[in-house]
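Colleague: Please take a close look at one position in this model, and then follow its surroundings outwards to the contacts between helices and chains. A connected account would be preferred to a list.

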Amino acid sequence: MSSVFSQYAWLVPAFPVAAFAILTALGRSLSRAGAVIATIASLASFILSLIIAIERIGQNAEDYVGGIDWLRTGAVNISAGYEVTNLTSLMLVVVTLVALLVNLYSFGYMAGDGRISVFYAYVALFTASMLGLVLADNLAILYICWELVGVCSFLLIGFWYQKPEARAAAKKAFIVTRVGDLGLLIAILLLFWYMPGHALDFASIHNVFDTQSGIVSMSITTLIALLIFVGAVGKSGQFPLHVWLPDAMEGPTPISALIHAATMVAAGVFLVVRTFDIFEASSAAMTVVAVIGAFTAIFAATIGLAQNDIKRILAYSTVSQLGYMMLALGVGSVSAAMFHLFTHAFFKALLFLGAGSVIHAIHTQDIREMGGLGRRMKVTAWTFGIGALALSGIPPFSGFWSKEAILTAALEGDHPWLFIVGVVTAFFTALYMARLFFLAFAGKPRGNAEQAAHAKESPAVMTIPMIVLAALAVVSGFVQTPFKDWLGEWLTGEASSHGASGLVLVASIAASLLGLYLGWLAFVRGTLRPDAVSSRLPWLSRLLERKYYIDELYQLVFAGGLRGLGRALAVFDEAVVDGAVRLTGYSVRALGRLNTKLQNGQIQTYGLAAILAAVILVLAIAGRRFW
Amino acid sequence: MFANVPVLSLIIWLPLLGSLVVLLLPGRSGGAIRWAGISFTFVSMVLAFGLYASYLPLAGGGEFAEHGSWLSVPLNTEVMQDTSVTSYRLAFDYSLGVDGISMPLVLLTGIVASMASLASVHIFKRQKTYFSLFLLLQTGMYGVFLARDVIWFFIFFELTLIPMFFLIGIWGYYGREKAANRFLVYNGLGSAVMLLAFLILIATLGFASVQTDGGIELTFSGSYDTMLANLADPNAAAHQAGAWLLSDNLQWAAFILLLVAFGIKLPIFPFHTWMLKVHAEAPPPVVMIHSGILLKMGVYGLIRFAAFLLPAQLHSWSAVLAVLGVINILYGAVLACAQKEFKLVLAYSSISHMGIVLLGIASLNETGFEGAVYQAVSHGLISALLFLIVGSLHERTGTTRIDELGGLARAVPFTAGILLTAGLASLGLPGLSGFIGEFLSFLGLFSTMKALTAIGTIGVLLAAVYMLRSVLAMTYGPLPEKLAGLKEARFIETLPMVVLTAFIVLLGIYPSLLTDLMQHGFDGLLRELQTGVGG
Amino acid sequence: MSMLGSYLTLAAVLFCVGLFGVLTKRNAIIVLLSIELMLNAVNLNLVAFSKYGAQPSLAGQIFSLFSMTVAAAEAAVGIAVLIALYRRKATVNVDEYDELGR
Amino acid sequence: MIQTNTLTWSDTWYMAPELALVVATLVLAALDLALPRRTNRDWIGWGALAGLVAAGVFVGWHIHDLRSAAGAGEQTYHSLLGGSYRIDDFGNLLKLIFLGASALLVLASLGTVKREDVPIKGEFYYLFLPAVVGAMVMASSADLITLFLGMELLGITSYILVGVRKRTGVSGEAAFKYVVTGGTASAFILYGMSFLYGLTGSTNLGAIRGALGGAAADSRALIYAAFFLLIVGFALKLALAPFHAWAPDVYQGAPTPVTSFLAVVAKGAVFAMAYRLFLNTAYFQTDDSRLRGDVFLALAVLAAAAMIVGIAGALKQQSAKRLLALSGVANAGVLLVPLALDVTDLHASLFSEFLYYFIAYVFMNVGAFAVLTVILRDAGSDKLSAFAGLYHRAPWTAVAMTALLCSLAGLPITGGFFGKLFILFASVQTKAYWLAAILLATTVVSYYVYFSFIRQMYMRTGDTDGKVAVPVPAGIVIWLSAAATVALGLAPKPVLDWVGGVYSLAVDFVAR
């Protein structure tokens, strides 16, 4: 029952922090040595996380809370604390594992970059922040780490800063997620003043909201839940704040795998899970979560159909899958959401690393310029294929199990519409993955000769992480099957085996297979013309290609609105505010000029002015006494 | 540590001594002048840190207080009417003190002034005059934060005005004279308004009576402690024969006058236009001081006098302050988004950040007050750092216009990195100091005015917009050809950058360093707000 | 008492006439003389008060003697200044004494 | 009824300061006439200085005597010549200042006056002395007649002093304008005095106050006439706005030492007379409190107008002399404020306030005009631009000038700051907030005005880089003034203690 290793959990983020400090202090001179240091640090973190997780699995240990006083003022007393639970230990393992693999992979992928140590420093800082986010025992610390992972994401998206697109994408990522952060911040402020004793730690939140004691009124609870959800929406790229995530693909691909697929974007889901008691206390909030999640899932999947950039397709896929997780939470199944988060982390990271491998080889991201890569890059093709199957939900790959869990939860939670949406999304998912896979790896090379010549398998340091992930993508689904709900029990502590629903199994498998088949027909066999839809409904394909014009809308409304307001206020500031200042100065000077006018050199004018003044003075002051 | 050493006086007057020393050095010995200027600045900073080390929050800094009578002039020694008062005197005492509110700001002054002195080594034009004025300015700034007599406060306040006028007017950029004039007249107006309020307070709150054989001797003084004592015990004050009491109307007048006076300094919309010019035209080390410390004198004055001496007014006008704060935040932020000159972006961002201070003050609780001071300190460090970089960049490129710069991360990676860090700190990134001040202020105000706070937080979002827009435009993207040959910052430049960044990070990571200091600083005010006003 | 009123009125009229002269006359000498007129109005006042005032006393007459003497001195200086000025300007027109102030 | 007012030997002692100056004048004049034309006349200036110093010593002696008398519990004033002349602390303090200021002016002029093409140097000095005598008489008189005589003695001599550069046209024009204005002002004051006399039958200030109460019942209109005529007269003499328009012209046309004499001593003397006259006569016992209130309100309004118009007019002035003249207008307004405020228990220190600011005013003006003299001598122009680059051309003078300007602008730590501070505090204590507000607002505008010198001196470059030659006496005066200005700011206590200890409202104002 003791938690021997849990109390050292703070060391898990401490390793990458140390790596970050060393790399920052020593600067660029480290070069590849920096990469080694960072990788060792992440290895250490992974090992420790693994030990903690094993300890917890084996002994079913108690939650461990530790920390130090951090901020003391007046009513506020916030500690920098960490909490080790089954949930967090699971997340620790996922994060450190993916981080470790990405560290390794980047060794090859970033080999030629002069700023490789900067890259590793950023990654180390990100890993540390992400681990801090996972470990945080209260919302304030979580929020801090939440922002820190955001800024690391921002830094890494803009890693190739000389590209204007990277600059724009980084800025967009930061600002759009900040909209969500704002919601979270306000939620924290609300919680602070409504919680008894101004407690912000998760244990107290659990106590207050889980017992349904009504300490916090219903409307406030809903408000808090929704505001927290706004934060999650921003971070996890849910509609309507999803716009940053596809653009974030401007960053190096390992980063897309680590941050924008496996870990950070899942933080939104993690946040909701962490504060799930608040959501559960408000059915309205739950509905909103479910609907937003479902809508995002199908919405992003449809956009993914029409994209041509390999990473963007994967990005929209990520958005869509995160929508699944939200959907799961909205229908009340934490375990399903966490399960999907868990599996998704592996197969999506795998897909991104595979995409990175392809990009590394042929230096293009446009799937229309690829083709036939399967023959030249066997490992990449195989692992990518596994990832694609997992994502598409083909049994027995992990994605199938987790997706099945979600659909089951939706159906059991009496949300048939959400279930249908989920199934349709599964179909779209399989379709765009089939399109992606077949266009890239099957057929003949469509790119130019130079690209074709470059196309060869990546070095082992890149393929090994892919192989590891591929293995995980295959097996990780078995921790929770309809037959043995091991993960859910471990996480929530209650046995809630949902059993196998035939309808769900059939529907999801059918949808996935149908999608794959259609893709095969269109892009391999050629029986279906790929442009069958776009030629008949050009507006629809255009709408999808342009991502429903959301970016343009935001650009017009928010960016344009702000710019317009800024210009208007600038004019106001100059003309009215400063104008008033100038007017004051001018009127004093005008008085002075009046005086200069009086002084024309004529003594009699002076006298006249004086006598006039005297008359006025006498009349005004003495005269009033006489009438 | 400082037993029997008048450490506060030393902190204040050593820079003045330095100023004289610099004046007496031969004009050609540039090295000696720089050396003297920097070392006198550092001595005060070291003393300030020593003070910090030996400061005990619980004791409230009482052991450091210094008091000496300076002058006491007879107002009337002849009995004219039949009262028991035999004589009236007006006393101006030399009175210094430090407490949880001034301690952080003294530290800030030490740090920023020292770093600005290092940044001043590039100034070669009339070096002697420069450093002598620079040191004189420090005397004024330390004095403002340490004075415990309103007249001395005013004197020190004005003492910052004159050196600043010269520093802007002689060493500034093209429009320096206009900026200097604007600065002088606008701030002069502020201090005039402040003086009127102080005189009202002296005449109504600042009296102490001594019973002598002949009768009662009534002494008016600017002593802050006397005022606080009279305020805390209105009944005893009412017994003072002859003195007239602070009526409601007068209290309001004094409060509004103080609000305007410190609002100009802070600045509060619509009194902000002067500081734009100063930001744009003054030499960077001077803007470091200006934006880093001088604006904080407004914060300090507002808390020290408007809040502590007139709690009832603060209480009933907290909503007004909050609205002003929100206006400041949004107005500054929106305008910062529309600027093309980086210095003006920073100027408007200062307006926005000072709005957060107002929110903290309007919260009327300890969290908010401490947030306000924290925000002041943090903004001081961050804007000093930003202007340090501005100076470094301007020296190399001759411009700080956003559209003329780009890709600096390639040309000067270190400077660009620090700039990015400072920008992130400015937009309130957790882990850096800016966040704590914002968080505490918002947290404090949220207890009373939820909707306003929520609107105010939009400023945090806009901060990200304008900061990233400008910083990324300067550092990221392709490097223009004409900037290809830029040289990285020299050691003497990087040192203050690193130090300021270190403090920003330190305060962001471990805020208790500062909040513990302020722990009992607001006790008196909170008591007043609870008992005096609530009842 | 009525006598006093008449004298006072006359003095006031004289004073105003003098003032009017100072303010309007173009000739500098007349301006100086108008000042004398104002002073003389005061003398009349003093003497009238001295005789018909509420508390008649000799002080008024003494005052008026002083005042006359001083007025004479003032006139002398005034004329002297004017002569010096006339030497340079060759005019006694007050309008043309406007070199200063422009 | 009519007393015989003979001048006794003891009275001669009391009037020793005035007599010393008279003797010095006569001796200097006689020597100037008797000595051959070729002889160097430089010593006349030193002689005048010696006379002033001697008179100052006598005044100091008197002050000391009165202090001893106070210590012994005896009467602390001497009344001579039938109560028309008083040796009291009010008069003595002011006399000391007049003498000191005059001495500084003479000293500053020693090295420069020959360049100012004053053709008859001797006259310049021995006209100077009677003017000072006039000022002293004004400070010491307690009778309408002696007040009037002092005023005219000062007036007539200064008419001549203004026109002493008779070869230049502007000097004559300035003198003529001064004669006309001064004469008209005298006529107004005299006219007002005649009513005061007529209502009370006495020319003694104490007697007038005693009798005015009785007259107020049935002659209210005449009392108003008396006081408002006096106010108009004083406003003209003091150049309070909008009665001020003559001042810039006269100041500009007069030789610079005379200009500063007008700005400092002549103005101070009129203030002395105004304080003495109004505080004695206007505080009569009456049921109609509005009457007195109206009189002081008129003064307050004039003070406010002077501050506003003076400083606004100075804003765009390019001529330093005219600028200082208009600054003098504004400062006259400030100096009038203590008089215009109510005298209450809490505010009985009006004389301290006035005197302190006046001392500061003396130093800053004497110093500033001395600097101006130096500049005029160097550049031949009194334009502001003549100050350009002074910091490089004469750094010490520029620094001293900066201190003086800070004092004029009322910035700490200078005499001007504390002077204004006391006056402000007095206005707040007597609840005259509007006056305090105007005083503060004009002070702020004055920053702009005075800092225009500083801009020129520090931020512009002049036509030449050559050093400015500063004659030693002028340099001494400049630095003495600057040092005194700063000292007044650093340690106002000695002066204020001294004034507060020496002076008593009941004894010194209320003539008996």
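**A serine within chain D and its wider setting**

Modeller: D:S446 lies in helix α18 of chain D, which covers residues 433-459. The model is predicted. D:S446 counts as buried because 27 other C-beta atoms lie within 10 Å of its own, and the cut-off for that class is 20 or more. Apart from neighbours within four places in sequence, D:S446 is in contact with D:I311, D:A330, D:A409 and D:G410. The C-alpha atom of D:S446 is also 9.9 Å from that of D:I308, although these two residues are 138 apart along the chain.

One of those partners, D:A409, leads to another helix. Helix α16 of chain D comprises residues 395-409, and its axis comes within 9 Å of the axis of helix α14 (residues 350-379) of chain D. The two axes cross at roughly 140°, and α14(D) is therefore oblique to α16(D). The handedness of this crossing is left-handed. On the α14(D) side the contact is formed by D:A360, D:M364, D:G367, D:A368, D:V371 and D:V374. These meet D:T397, D:A400, D:M401, D:L404, D:S407 and D:L408 of α16(D). By class, the residues of this helix contact are nine nonpolar and three polar, with no charged residue.

The loop that follows α16(D) deserves separate attention. D:I413 is placed in the loop between α16 and α17 (415-429) of chain D, and a cis peptide bond joins D:P412 to D:I413, with omega of about -5°. A second cis peptide bond is found in chain B, between B:F269 and B:P270, where omega is about 5°. B:P270 belongs to the loop between α9 (248-265) and α10 (273-281) of chain B. As general background, most peptide bonds are trans, and most residues other than glycine have a negative phi.

Two residues of chain A bear on the second part of that background. A:H363 is not a glycine, yet it has a positive phi of about 55°. A:H363 is located in the loop between α15 (334-362) and α16 (373-376) of chain A. With 13 C-beta neighbours inside 10 Å, A:H363 counts as partly exposed. A:K547 likewise has a positive phi of about 55° without being a glycine, and it is found in the loop between α25 (538-545) and α26 (550-598) of chain A. A:K547, in contrast, counts as buried, because it has 21 C-beta neighbours inside 10 Å.

From the interior of chain D one may turn to its partners. Five pairs of chains are in contact, and among these pairs chains C and D share the most contacts. At that interface, 40 residues of chain D are in contact with 38 residues of chain C. On the chain D side, the elements that supply two or more residues are α6 (144-162), α7 (169-200), α8 (205-216) and α10 (246-253). The greatest contribution is that of α7(D), with 19 residues. Sorted by class, the side of chain D that touches chain C holds 23 nonpolar, 13 polar and four charged residues.

Chain D also meets chain B, where 33 residues of chain B are in contact with 32 residues of chain D. The elements of chain B that each give at least two residues to this side are β1 (66-76), β2 (85-96), α5 (150-171) and α6 (176-204). Of these, α6(B) provides the largest share, 13 residues. The side of chain B that touches chain D consists of 23 nonpolar, seven polar and three charged residues. Chains B and C, however, do not touch, and their nearest C-alpha atoms are 27 Å apart.

Two chains carry annotations from the record. For chain C, an unreviewed UniProt entry places the feature "transmembrane region" at residues 6-23, 30-50 and 62-86. In the model, residues 30-50 of chain C are 100% helix and 0% strand, with end C-alpha atoms 30 Å apart. Residues 62-86 of chain C are likewise 100% helix and 0% strand, and the end C-alpha atoms of that span lie 36 Å apart. For chain A, an unreviewed UniProt entry places the feature "domain: NADH-Ubiquinone oxidoreductase (complex I) chain 5 N-terminal" at residues 70-120. That span of chain A is 57% helix and 25% strand, and its end C-alpha atoms lie 28 Å apart.

Terms used: Residues are numbered from 1 along each chain as its sequence is written. Chains are lettered from A and ligands numbered from 1 in the order in which they are written. This is a predicted model: local features need pLDDT of at least 70, side-chain atom pairs count only at pLDDT 80 or more; totals for chains, interfaces and linings use all residues. Helices (H or I, at least four residues) and strands (E, at least two) are DSSP runs, numbered from the N terminus. A residue is buried if 20 or more other C-beta atoms lie within 10 Å of its own, exposed if 12 or fewer, and partly exposed in between; C-beta atoms are placed from the backbone. Two residues are in contact if their C-beta atoms, placed from the backbone, lie within 7 Å. UniProt positions are given in the numbering used here, feature names are shortened, and annotations may be inferred rather than shown by experiment. Ala, Val, Leu, Ile, Met, Phe, Trp, Tyr, Cys and Pro count as nonpolar, Asp, Glu, Lys and Arg as charged, and the others, Gly among them, as polar. Axes are lines fitted to C-alpha atoms, for helices over the stretch in contact, and angles run from 0 to 180 degrees between N-to-C directions. Angles under 35 degrees count as roughly parallel, over 145 as roughly antiparallel, 65 to 115 as roughly perpendicular and the rest as oblique. A crossing is left-handed if the near helix is turned anticlockwise from the far one by less than a right angle, and right-handed if clockwise.
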